[in-house]
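I have opened my notebook and will jot down what I look up, one entry at a time. Please follow along with the sequence and the model.

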Amino acid sequence: MDWYMMNCELLATCSALGYLEGDVYHREPDCLESVKDLIRYLRHEDETRDVRQQLGAAQILQNDLLPILVQYPQDKVLFDAVIRLMVNLTQPALLCFGKVPTDATSRHHFLQVLSYLQAYKEAFASEKVFVVLSEKLYNLLQLDWEQRQEEDTLLIERILLLVRNILHVPPDPAEEQQGVDGDASVHDRVLWALHISGMDDLLKFLASAQVEQQWALHVLEIISLMFRDQSPEELAALGQGTAGAEHGEDTRELETLRQRELAEKRARALQRPSRHSRFGGSYILQGLKSIGDRDVVFHKGLHNLKSYTHDLGKEPRRVPRHRQVAPESEPSRRSARNVRLFLRHFCQDFLEGCYNRLMLLVKDQLVREKAQEHDETYYLWATAFFMAFNRRHGFRPELVSETVGVRAFHFIEQNLTTYYEMALIDKKEATTWARRMHLALKAYQELLRTVQEMDQSPEQAVRDSSQVIKSNIFYLMEYRELFLALFRKFDETKQPRSFLRDLVETAHLFLRMLERFCRGRANLVVQSKRVRRKKKKPRAPAVPAPPSATELEQLWEGLAPQLQACLEGEVPLPEDVVPFDAASETPVEEQRAEALLRIQECLRDSRVPQALRLLRSAREVWPEGDVFGAADAGRPEETQLLREILVAPLPRHAPVEPEEPEEEEEEDEEEEEQTVQVSEKEFNFLDYLKRFACAPVVRALVLLLRGYARNSPRTNHCAARLLHRLARDLHMEPLLFQLSLFALFHRLLSDPAAAAHQELVALAKFILGKFFALAATNKKAFVELLFWKSPAAVFEMTKGYSSLQEGEGTTRSRVPSWTPQEEQELRELYWKYKEVEGGDIITAILAHLPTPGRTRRQVVKQLVRMGLASSAKDFPRERKGTRIVLWTQEQEEELTRLFEEFQGSDDVLGNIMKHLTARRSRARVVEKLLGLGLVAERKELYKKRRRKSHGPDPGQVTTGVPAMPAQDSSGEDEDSEEEEEDEDEAEEGPMEEHWVPEEGAGQDMAQRLHQEGLAGPLRWLENCLRRVAGDREEDGVSHPVPLVPLTEENEDAMEDRRFQTLLRQLGLRPPASEQESFWRIPAALTPQQLRRVAASIAHHGPPGSPPDLPEPPRCPQDLAPAEPLPAGLGSDSESEEPVPVPSPVQPRTKRRRELASEDEDGGSSGTEPAPTAPCSEEDEEDEDPQPRGRRKRIRCLEEEEEEES
């Protein structure tokens, strides 16, 4: 960023700070205010961090802030403001942007801020700056708690944060590439300045002081950043001499490279002839085909023949980003020797005086959740680093006693398991969780190594402590299963190769310690846990069986004396019995039915006074219809009515449970069922080792050994030892018969430097010898090289491929084998039913197969195995829907006759479907009509729509039902006619508002709609009319109430022309304008008229049937008829009949939406007169309702078509 592009206000503020003349900085009078202004500007910067970038480009920190800090430390206010500003400027870029941006623009800003931070870090590599900071921090720490003010505490924290920010800045990659090991990097120079100023001693004081506990996490974070590039093993070995330990590894690496170079020179010398040939030569490689059918022509010398591959000259295939190998976190780099010596002495002093106390304080804050999120990573790093240093530098277990124990194992294992689970859940941040998991794994590894070192201690007490720790660790199942889980879920795209290296080394160490622990004990008992995931079915509410007629008669004989006493007034009746709840959301009709059930329950529970009071109260609430007796009913009538209620089989509905609480209860039941059964069993090391004999473990080991030349000797030893355990100890050599591993062995055996990897060479020769010995007897062994194998496959390769099926192996196959007799029967049945048309071959075979228990899949697999079929696709499953596909000549003639018969009717397709003999879907019938040429397009099969006359007689509107005009058969002008029809309906709306329907109006139309399958919408309309009548009686106010359909069935009915005709006959008003979307119940209709209208559309069933009592409402999906009640209990025109099963003519929708309210099935909630319509249904266009219904019918046809296809 250019200086001249800097904001003018920001430029003026920076200019007011002062100026540097030589080594002396002259501050301006407004220096303090300018610093505060810069802090204010940073507080209001945008998402690109423009202010931060401009200040970094201007080098304000290097040219102004640091000189002010060094030359004016006595000005307390200015010093505090400068520290605040520098803490803000040096905060990590990740904190500024939240995360590493993915888009190019934001990433450019991120990298720009990071480059300025690296420049700040180089400026802080000055002894003068750290001397000032150390002196200020020392003076503040000298103050007692009584003298220390809040500003002093804040300044201490800011100084620590400033040091943390500077050490946190990552190194510049360009500088790292140019430098070599042993040179002083910027980070080394900062550490040296920190050491010269005495800041390291202040950090040790903060870590060990009793009164400075609050800075524990700050100090631990700074220490972790100080040792960021260091290796504890190298620091511990630093004092053993330069030529010995320090350069021993370098010498071995150079010797390995020198051997490889000499071997390559010898190989080239043997391949090349002594005399140079000007003719390079062209050779034909017989047996190796090129792109065509000819052999490959090789144009190079024979000494290059071994390096030939078909991939020569090809562009390497680009690996997708999500499949790329995870990069290593930080490359290792050796610091300058003086810096490493200073850090080594720091580690010694820290272990002797600070480690145990600091780790205790940090763990306490972590357990009590006083720290910030993910601060436990610093604890894990410190555990791994300082325990490794103590182990390599004169092992003293008392220096790390705080982090050695069962509690430390448990804490690390718990965090490791948490990181493992989060890496599986949080896919986007899986790489970050993998880094944290790596830290926990390192800490776990160092704990195991420390316990191993304690076994070799000369002190008996230390050895006894290690035995106690191992007995606890090996006893618990969680620690034994940890490595198996990490191996199985290892992902090289999320976890780096270093994680796999530490995982293999830790697993090898754990297995070796466990093997030695078991060797000295005859019977080792360990804990075993088994999780039982038995799911309970939701318990259905227990419905008691209804009493028999004899029991009811006996009960009535016992209740009769009590009832007589209540009727004569000898027993007082309760006063708190209320049959009706006005505040309840249950409709009045449902409450009336529930009142009958309550009376019956009171009688069957021998609560006669409550039953009698409930009967009389219900009679006052519902006097119409004499359902609860007449108003002037005497004692004999009440006695008879109670007796009939007692013996009546009233329909009872199961209580509806709320959805969300039900789900919670089910989850609780499942949690209760997922119990962990803890038991003890005798431990066998070989059985535990068999758990590692799986493909994921072998695949991970092979992946690690691919880089054997770069691995350390210990890593190669651990990987080879694990493979040797699986192959040799378990006798599962075929587990390692894999082509990728054999390619690795080939590369290893042809490596000139193979002498440095004798253990791997011995393993390769052993596995190859076993393979060729097996291949002599098992010719399929070469094919098995292509697959990773399980223990079952290994058993089959060695014992025979039919051994597992015959039950000879350790794991018995669940699928019974096919005997030769069964195979012959299967072959005969296949050829018998193969030529049979119109049936499923597999179904016929299963029906006639002598051996029971065979499944369809087993039969299909056996047919493919026997060569009778090429694949399972030859036996597709039977398609659901109508099985009739072909039309016979008689069926085509019947369809033609029906079309000619009903061609002039309103619903041609519906009548054809009703009278068609063969059951077919509407889509098939429409396709056949189009194929026969009976209709030209699908539109001709739609229901005909009628138009009203343009000039209706006004008297006709007020005196009766509007006359239906003649049918208009014009199909081309249908759309324009529908628009005119809507206009006519809008004009007729105000007149129909005052029209009063006659008694019995619409009864015939309702009966026809009932027969055609519209019983559900009719019942919903009846309930709406009754509810509005009740509301108008209670409120005394009438206003138009919209009819809002909430299900597809009711919505389709509202668009049906016949249903709309019924609505007009009943006196309901259509939408009057564009602002209205629904039909309305006019305000002019009185409650009595609404009840008469509802009674006229009620379905009374066949004549002569006994009247039914009102039953509790059911959901629209419940179409089963209820049991009728015996006559004599009184009837009412408002009683709701059960919905009959719809006829095949009625179109069915494939899915139903759940009702938000129960308005449409008689179970509406609330007493609101006008239910709220959903927005999704109001957004439809109301000017032309016909196309919307037409689209719905087309959609139904398409859905049926898809269902059958």
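How exposed is Lys289? I looked up its relative accessible area and found 45%, so I wrote down Lys289 as partly exposed. I should say at once that I am reading a predicted model.

**Entry: Lys289 and its partner**

I then checked who sits across from Lys289. The partner is Asp295, and the two form a salt bridge whose closest N and O atoms are 3.3 Å apart. Asp295 is also on my list as partly exposed, because its relative accessible area is 23%.

**Entry: the whole protein**

I stepped back for an overview. I am looking at 1205 residues, and buried residues make up 44% of them. The secondary structure comes to 51 helices and 8 strands. I noted an accessible surface of about 65700 Å², with 50% of that belonging to carbon and sulfur atoms. For contacts between residues at least 6 apart in sequence, I found that 73% join residues at least 24 apart.

**Entry: more salt bridges**

How many salt bridges does the structure hold? I found 34.

I picked Asp37 and Arg40 to look at. Their closest N and O atoms are 2.5 Å apart, and the two form a salt bridge. I see both of them in helix 2 (residues 31-43), 3 residues apart, which is about one turn of the helix. I reminded myself of the general rule: an α-helix has 3.6 residues a turn, so residues three or four places apart point the same way. Asp37 has a relative accessible area of 23%, so I marked Asp37 as partly exposed. Arg40, at 41%, is partly exposed too.

Next I went to Asp455, which forms a salt bridge with Lys470, with 2.6 Å between the closest N and O atoms. This pair links distant parts of the chain: I found Asp455 in helix 21 (residues 430-455) and Lys470 in helix 22 (residues 460-475), 15 residues apart. Is Lys470 buried or exposed? With 8% relative accessibility, and the cut-off for buried being under 20%, I put Lys470 down as buried. Asp455 is partly exposed, with a relative accessible area of 23%.

I also came across a network. Glu233, Arg391, Glu446, Arg449 and Glu505 are joined into one by salt bridges that share partners.

**Entry: close to the start of the numbering**

I looked up Glu9 and found it in helix 1 (residues 8-15). Glu9 is partly exposed, at 48% relative accessibility. I then compared its place with that of Asp37: the two are 28 residues apart along the chain, and their C-alpha atoms are separated by 9.9 Å.

Gln54 was my next stop, in helix 3 (residues 50-57). Its relative accessibility is 11%, so I counted Gln54 as buried. A polar atom of the Gln54 side chain lies 2.8 Å from the backbone nitrogen of Asn7.

**Entry: Ser134**

What does the side chain of Ser134 make a polar contact with? I found the side chain of Ser197, at 3.1 Å. Ser134 lies in helix 8 (residues 127-142), and I counted Ser134 as buried because its relative accessibility is 4%. Leaving out residues up to four places away in sequence, Ser134 touches Ser197, Gly198, Met199 and Leu202.

**Entry: cysteines**

How many disulfides does the structure hold? I found 0. I still looked up two cysteines. Cys14 is buried at 6% relative accessibility, and Cys347 is buried with a relative accessible area of 0%.

**Entry: helix 39**

Which residues of helix 39 are buried? In this helix (residues 856-865), I listed Arg856, Gln858, Val859, Val860, Gln862 and Leu863. What covers them includes helix 37 (820-833) and helix 38 (841-848). After helix 39 I came to Gly867, which has a positive phi near 85°.

**Entry: a patch on the surface**

My last page is about a nonpolar patch on the surface. I found that Leu739, Val783, Leu786 and Phe787 form it, with about 390 Å² of accessible area together. I looked up where Phe787 sits: in the loop between helix 35 (781-784) and helix 36 (791-799). Its relative accessible area is 47%, so I closed the page with Phe787 as partly exposed.

Terms used
Residues are numbered from 1 along each chain as its sequence is written. This is a predicted model: local features need pLDDT of at least 70, side-chain atom pairs count only at pLDDT 80 or more; totals for chains, interfaces and linings use all residues. Side-chain values use heavy atoms; hydrogens and water are left out. Patches are made of residues with over 30% relative accessible area and no salt bridge: like charges are joined within 9 Å, nonpolar side chains (Val, Leu, Ile, Met, Phe, Trp, Tyr) within 5 Å. Accessible areas come from the Shrake-Rupley method with a 1.4 Å probe; for residues, only the protein chains shown count as cover. A salt bridge is a side-chain nitrogen of Lys or Arg within 4 Å of a carboxyl oxygen of Asp or Glu. Helices (H or I, at least four residues) and strands (E, at least two) are DSSP runs, numbered from the N terminus. Buried means under 20% relative accessible area, exposed over 50%, partly exposed in between (1.4 Å probe, protein chains only). A polar contact is a pair of N or O atoms within 3.5 Å; within protein, one must be able to donate a hydrogen and the other to accept it, and residues adjacent in sequence count only if both atoms are side-chain atoms. Contact means heavy atoms within 4.5 Å. A disulfide is a pair of cysteine sulfur atoms within 2.5 Å.
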